[in-house]
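Open the model in your viewer and show side chains as sticks. This tour follows charged pairs, stop by stop.

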Amino acid sequence: MMKFTRWIRLVTALGMMAILLLITPHELNPGTLPHRKLWPHRNLAFGHQPNHNGLISISLPMQLTRPISWTDPTTGLMQIAVVAGAVYGGTVHSPYTVDKLSALTGRLEWSVSVPNQVMTTPVVYHGVVIVGTGNRDWPGPQSSGIRGTGPNQVLGLSANTGKILWSINTPGENMPTPVINHGVLYQVGGSDEVLAINPLNGKILQKLAIPSYVSMSSPEIVNHVMYFGGALPYQLYAIEIPHLRIAFTTTLPSSLGGIDDCPPAIADGILVIDYEGLIDNQIHAMAAGVSVHTGKVLWATDLGPGSIPRATDGSPTNAAGVPIIHRNVVYLGSPVTSTLYALNLQNGKILWRTSDSGSIGRITMAPIWVDGHIIAGDSLGDIIVVNAKTGHIVSTLKEPTPFVPGVPQIVNGSLFIGTKLATYAIPLESIDAHL
């Protein structure tokens, strides 16, 4: 009996030691290596996946003992990638930098100067952080086809140290986020060309000249075809890879512009893109569904009249929202109408629209679906939580900075989001108790 009791005590003690080993390190040092391995280990594209929903579903056998919550008011990372316990991003305000923050604390781990604005979501692949630089200006007439006054570069940096490993100079801007497929990096931008690049050493493998420049339409790849929108001419491109051949181009109904600003979302053989249309001599927000196989326009939905967003100098800016797709429903915020929409993926029918009597600002940030809710950030600095089935606004959280084009990420119950002025990790329960 005494031996049995000692055995029970021994098992209990060993069990308690195991529990302490699982919990205590994360209370004392939440950035330990075992925890970092549970984060997403790479980011290959703008939307993290072709449907653009930034919810990262990971099963953590060792949960943090407190929510991840921090604000970095000094480093505004416009678009971010959360990889291996770190947040990577670049700035659009001088001095221009690419930064790495701790995802758990927001602490700056390194910052590297770059020659121009960084509007791309960092692509992180095999220890290399890849970004593009460039601005929205024109070196000459807009009709010339080259956008960006430079310096314009594609850069590869060490994820550990920030050291610049390689760089490529380009004639035009590199505002769209590149995409990696089967070990090859593909870049479009203001140079009227598609580049295929070795992401580890920066060697250009192939080039394809196209007649359009690309503003913020970050490409997506599905089944060896890359899709994005271009301007002058305004059309949708489908490029076969790795051989860089144009499979088709598509002109959208009533198109006025914005196709080059919208990163397309793709699911179930349908590509969804937001753009500006001209109907009865009035600006309208439009959305279209296109077959990824043929380029045929399956539906085009008029989202309503509005106005083109303007920058401080009066020039048009951020003319399109970023669609996401979840379970046969398209969720899209419009900067033209300041409205959040849900559409049927198959036919484009509007399921609901939410504008809250004009109190919602322009929406260029991608919405994100989580637990039956849609979260979206607007130009007024509001994080809006909406019932995904009805469009009813559940709650609103006010932040001091406006939200900009990009795809936020939800990892381990916290929303990671970048703006031009600050970067945040916000526990979902702080946004709304139902999340």
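Start by selecting K100. This lysine is buried: its relative accessible area is 9%, and the cut-off for buried is under 20%. Keep in mind that the model is predicted.

Which residue pairs with K100? Select E109. The two form a salt bridge, and their closest N and O atoms lie 3.5 Å apart. E109 is partly exposed, at 26% relative accessibility. So this salt bridge joins a buried lysine to a partly exposed glutamate.

Stay on E109 and add R107. Here is another salt bridge, with 3.8 Å between the closest N and O atoms. That distance counts because the limit is within 4 Å. R107 has a relative accessible area of 51% and is exposed; the class begins over 50%.

Now display all three together. K100, R107 and E109 are linked in a network of salt bridges. E109 takes part in both pairings, with K100 and with R107. Colour by accessibility and you go from buried K100, through partly exposed E109, to exposed R107.

Next, jump to E240 and R245. They form a salt bridge, with the closest N and O atoms 3.4 Å apart. Is E240 buried or partly exposed? It is partly exposed, at 31% relative accessible area. R245 is partly exposed as well, at 46%.

To finish, zoom out. How many salt bridges does a search of the whole structure find? It finds four. Among them are K100 with E109, R107 with E109, and E240 with R245.

Note on methods. Residues are numbered from 1 along each chain as its sequence is written. This is a predicted model: local features need pLDDT of at least 70, side-chain atom pairs count only at pLDDT 80 or more; totals for chains, interfaces and linings use all residues. Side-chain values use heavy atoms; hydrogens and water are left out. A salt bridge is a side-chain nitrogen of Lys or Arg within 4 Å of a carboxyl oxygen of Asp or Glu. Buried means under 20% relative accessible area, exposed over 50%, partly exposed in between (1.4 Å probe, protein chains only).
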